[in-house]
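Student: Could you take me through the cross-links in this chain, meaning the disulfides and the salt bridges? I'd like a close look at that one part, with the cut-offs spelled out.

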Amino acid sequence: MHGASGGVSASGKVPSASAVAQARASFIKAMSAHAPAVGAGGWVSPGAKRAGAAHAASGSVTSMASINWSGYADAESGSNTVSQVSGNWTVPAVTCLPRPYQNQDAFLANWVGIDGFSDQTVEQLGSATQCFEGVEYYYVWYEMYPAGTVEEGTTACINDNVDCPKPGDKISASVTVTAAGSGENNYKLTLTDHTRPQESFSTTQQCAAATCTDSSAEWIVERPAVLPPPPAPVQILPLADFWRTSFSSADVVSGGKYSSIQGFKDGTVYDIPMTDDTDSYYLACVGQPSPPGTLLPISQANACPTVSPHPGGGFGESWDSSF
């Protein structure tokens with residue numbers, strides 16, 4: 001398995017209760033402040049096309065790079081809206097940095113959600129991994145605009161980093177939108193950990209239809225990026241080394257029609273490669289031909305080709321770098 005077992009350092013040291021509390025506070029702060037999809041030039045404005053050039057389409061799929069997301073997004077282009085998104089994945093193991101860099105924090109979040117690709121609201125949930133002072137922490141969580149990230153799971157996991165999600169856990173997650181009346185919509189966010197059922201959860205939240213516009217569906221690997229008020233630069237946390245991770249059964253309901261990612265007909269299907277903030281290197285990529293961990297310059301032809309998901313809504317992600 002790629003990476004050490006969760007909850008201990010590379011040296012086998014078990015973290016103290018205070019260290020666990022510090023790690024989880026750091027995780028909640030980073031994830032609660034994380035931005036929607038950000039291009040190398042930052043976010044333009046709510047509802048506006050974000051920075052980053054759209055590259056030539058491969059079939060019906062178009063590439064749009066981001067510095068904090070990688071995966072796929074189905075973006076509405078007309079009056080239809082997304083009413084459901086779902087997907088499965090296996091919690092990946094990560095490798096935290098060795099000495100002398102063991103105290104550098106790194107993050108990885110696997111999630112599905114609605115909105116955030118072409119607007120600034122998010123209705124999403126998933127699993128996540130954090131390297132904090134050389135120890136791995138595994139989480140399940142959700143975020144519903146405008147509130148911050150909420151960690152779910154057992155009390156033992158939250159307080160003591162015991163009985164937490166682990167690499168290899170089989171996860172299913174979905175967001176379903178239904179009308180609640182008076183201009184409000186209900187969002188049911190459900191995550192099932194089939195390996196550790198005690199980590200499963202479901203919650204129903206509300207958002208005004210005029211605010212949460214349900215304009216896109218996403219299946220994403222993320223490193224948190226914080227957009228402070230201008231002119232301060234984007235603050236980005238390193239992407240934890242996950243080697244490879246995969247999504248399957250990735251489906252969307254748009255305009256009442258059910259389809260896999262690539263079956264989406266109401267707008268554009270985007271393949272999203274993750275790049276560093278100088279737009280020089282790929283950090284994570286769908287369908288790359290090179291082995292994981294290969295340093296891939298964006299200038300290198302076909303280093304990260306634009307590809308369609310596998311039949312049935314599946315795709316694999318490869319880690320390349322963290323900076």
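Tutor: Here is a walk through the disulfides first, then the salt bridges, with a buried aspartate at the end.

A quick word on ground rules: this is a predicted model, where local features need pLDDT of at least 70, side-chain atom pairs count only at pLDDT 80 or more, and totals for chains, interfaces and linings use all residues. Residues are numbered from 1 along each chain as its sequence is written, and side-chain values use heavy atoms, with hydrogens and water left out.

For background, the chain has 2 helices and 20 strands (DSSP runs numbered from the N terminus: H or I of at least four residues for helices, E of at least two for strands). Of its 323 residues, 52% are buried; that label means under 20% relative accessible area, while exposed is over 50% and partly exposed lies in between, using a 1.4 Å probe and protein chains only.

On to the disulfides: the structure holds 4 of them, each being a pair of cysteine sulfur atoms within 2.5 Å. Counting bonded cysteines along the chain, the pattern runs 1-2, 3-4, 5-6, 7-8.

Take C96 and C131, whose sulfur atoms sit 2.2 Å apart. This pair links distant parts of the chain, 35 residues apart: C96 is in the loop between β3 (82-90) and β4 (106-114), and C131 is in strand β5 (residues 123-132). The link is left-handed, with -90 degrees about the S-S bond, and both C96 and C131 are buried.

C207 and C212 are joined at 2.0 Å, S to S. Here the S-S angle is 85 degrees and the link is right-handed; both C207 and C212 are buried.

Then there's C285 with C304, at 1.8 Å between the sulfur atoms. The torsion about the S-S bond of C285 and C304 is about 110 degrees, so this disulfide is right-handed. Because C285 lies in strand β18 (residues 281-286) and C304 in the loop between β19 (296-297) and β20 (315-319), the pair ties together parts 19 residues apart in sequence. Both C285 and C304 are buried.

Now the salt bridges, of which a search of the whole structure finds 3 (a side-chain nitrogen of Lys or Arg within 4 Å of a carboxyl oxygen of Asp or Glu). E151 pairs with R24, with 2.7 Å between the closest N and O atoms. That one spans 127 residues, from R24 in helix α1 (residues 17-32) to E151 in strand β7 (residues 149-152), and both E151 and R24 are buried.

R196 and D169 come to 2.9 Å at their closest N and O atoms. They are 27 residues apart, R196 in the loop between β9 (184-193) and β10 (201-208), D169 in the loop between α2 (155-160) and β8 (170-181). R196 is partly exposed at 24% relative accessibility, whereas D169 is buried at 1%.

D266 meets K257 at 3.4 Å, N to O. D266 is buried, with a relative accessible area of 14%, while K257 is partly exposed at 42%.

Last stop, the aspartate: D271 is found in strand β16 (residues 267-272) and counts as buried because its relative accessibility is 1%. Its side chain reaches the backbone nitrogen of V307 at 3.1 Å.

Key: Polar contact = N/O pair within 3.5 Å; in protein donor to acceptor, adjacent residues only side chain to side chain.
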